[in-house]
Amino acid sequence: MSERPRPLVAGNWKMNGLRPSVDVLRGIASGVSAELRDRADLLVCPPATLVHEFADAARGSAVKIGGQDCHAKGAGAYTGDISAEMLADAGAQFVIVGHSERRQYHHESDADVHAKALAARRAGLVAIVCVGETREEREAGKVLEVVSAQLRGSVPKDSTAAELVVAYEPVWAIGTGLTPTVGDVAEVHALIRAELGKILGPAEQNQVRILYGGSVKPANAVELLRVPDVDGALVGGASLAAADFLGIASAYTS
Ligand code: PGA
């Protein structure tokens with residue numbers, strides 16, 4: 001039996017946060033107990049405008065900083081886009097790629113997400129590759145099929161566990177207050193673990209962190225984070241308040 005990966009509790013701020021929000025980040029950083037620091041990694045992914053300031057404020061703390069998306073290319077004539085190299089230059093260590101809001105509103109395909117994951121690696125960032133089914137796909141009984149196809153299309157074959165995190169986020173659970181049952185989460189995470197074995201091989205399979213995301217809050221964190229093969233959470237709304245985010249992470253110290 002290989003050792004379980006170190007848990008990761010990641011906050012995705014989405015398009016929220018202005019410069020005074022650095023106080024929230026400071027509240028998170030100063031609220032991390034020695035025990036929590038020992039047991040889990042914490043990550044905050046603010047909007048790109050705040051990455052530099054947050055990275056400065058988080059330096060020396062237990063909190064790492066990430067971006068929410070990147071362009072596949074390192075530089076060039078892509079007005080409005082941000083490269084993985086730019087995020088790294090601003091102090092990011094991670095980047096979320098293929099979030100369902102990017103897939104939906106920016107029509108990102110699995111191939112796009114794959115290219116962004118490669119860009120993250122090129123820039124020395126850890127890619128958090130998001131997958132998850134829509135409500136229609138769940139109702140049609142296609143969850144495992146959809147998630148497997150997204151993984152096969154989005155995860156670069158030669159990724160190592162040090163440069164890849166997978167986040168399972170059922171689209172219908174994001175921002176809705178709805179969550180799958182513990183049994184459903186366990187089933188999908190086991191499938192993701194098995195697929196990672198096929199994509200990456202047995203050496204990396206058990207070391208890649210698989211996060212659950214979608215309406216995680218302090219009240220359901222313990223239950224969700226104890227599910228087998230759940231190695232942490234990707235948290236949207238509840239990551240915007242230090243007490244809630246720390247409340248979720250404290251599932252690892254309870
Ligand atoms: P939520 O969002 O926690 O607000 O549901 C999760 C996400 O989109 O990453």
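Which pocket does the ligand take up? In this predicted model, the space filled by the ligand is the second largest pocket. That makes a handy place to start looking around.

Let's take the shell first. There are 13 residues around the ligand, and those that come nearest are Lys 14, His 99, Glu 169, Gly 175 and Ser 215. Sort the shell by class and you get 7 polar residues, 4 nonpolar ones and 2 charged ones.

Now for the polar contacts, counted here as N or O pairs within 3.5 Å. Glu 169 uses its side chain: one of its N or O atoms sits 2.6 Å from an oxygen atom of the ligand. With Gly 236, the backbone does the work, placing a polar atom 2.8 Å from a ligand oxygen. Gly 237 also brings in its backbone, with an N or O atom 2.9 Å from an oxygen atom of the ligand. As for how covered the ligand ends up, on its own it has 280 Å² of accessible area, and the protein covers 95% of that.

Let's leave the pocket and turn to charge pairing. Side chains of opposite charge can pair when their charged atoms come close. The structure holds 22 salt bridges, and one of them joins the side chains of Arg 209 and Asp 41, at 2.8 Å from N to O. This pair ties together distant parts of the chain, with the two positions 168 residues apart in numbering. Arg 209 belongs to strand β7 (residues 209-213), while Asp 41 belongs to strand β2 (residues 41-45).

Key: Residues are numbered from 1 along each chain as its sequence is written. This is a predicted model: local features need pLDDT of at least 70, side-chain atom pairs count only at pLDDT 80 or more; totals for chains, interfaces and linings use all residues. Side-chain values use heavy atoms; hydrogens and water are left out. A residue is near a molecule or strand if one of its heavy atoms lies within 4 Å of it. A polar contact is a pair of N or O atoms within 3.5 Å; within protein, one must be able to donate a hydrogen and the other to accept it, and residues adjacent in sequence count only if both atoms are side-chain atoms. Accessible areas come from the Shrake-Rupley method with a 1.4 Å probe; for residues, only the protein chains shown count as cover. On a 1 Å grid over the protein atoms alone, a cavity is a set of points where a 1.4 Å probe fits but cannot get out, and a pocket is an open set with protein on both sides within 12 Å along at least five of seven lines; lining residues have an atom within 4 Å of a point. A molecule sits in a cavity or pocket if more than half of its atoms lie within 2 Å of its grid points. Ala, Val, Leu, Ile, Met, Phe, Trp, Tyr, Cys and Pro count as nonpolar, Asp, Glu, Lys and Arg as charged, and the others, Gly among them, as polar. A salt bridge is a side-chain nitrogen of Lys or Arg within 4 Å of a carboxyl oxygen of Asp or Glu. Helices (H or I, at least four residues) and strands (E, at least two) are DSSP runs, numbered from the N terminus.
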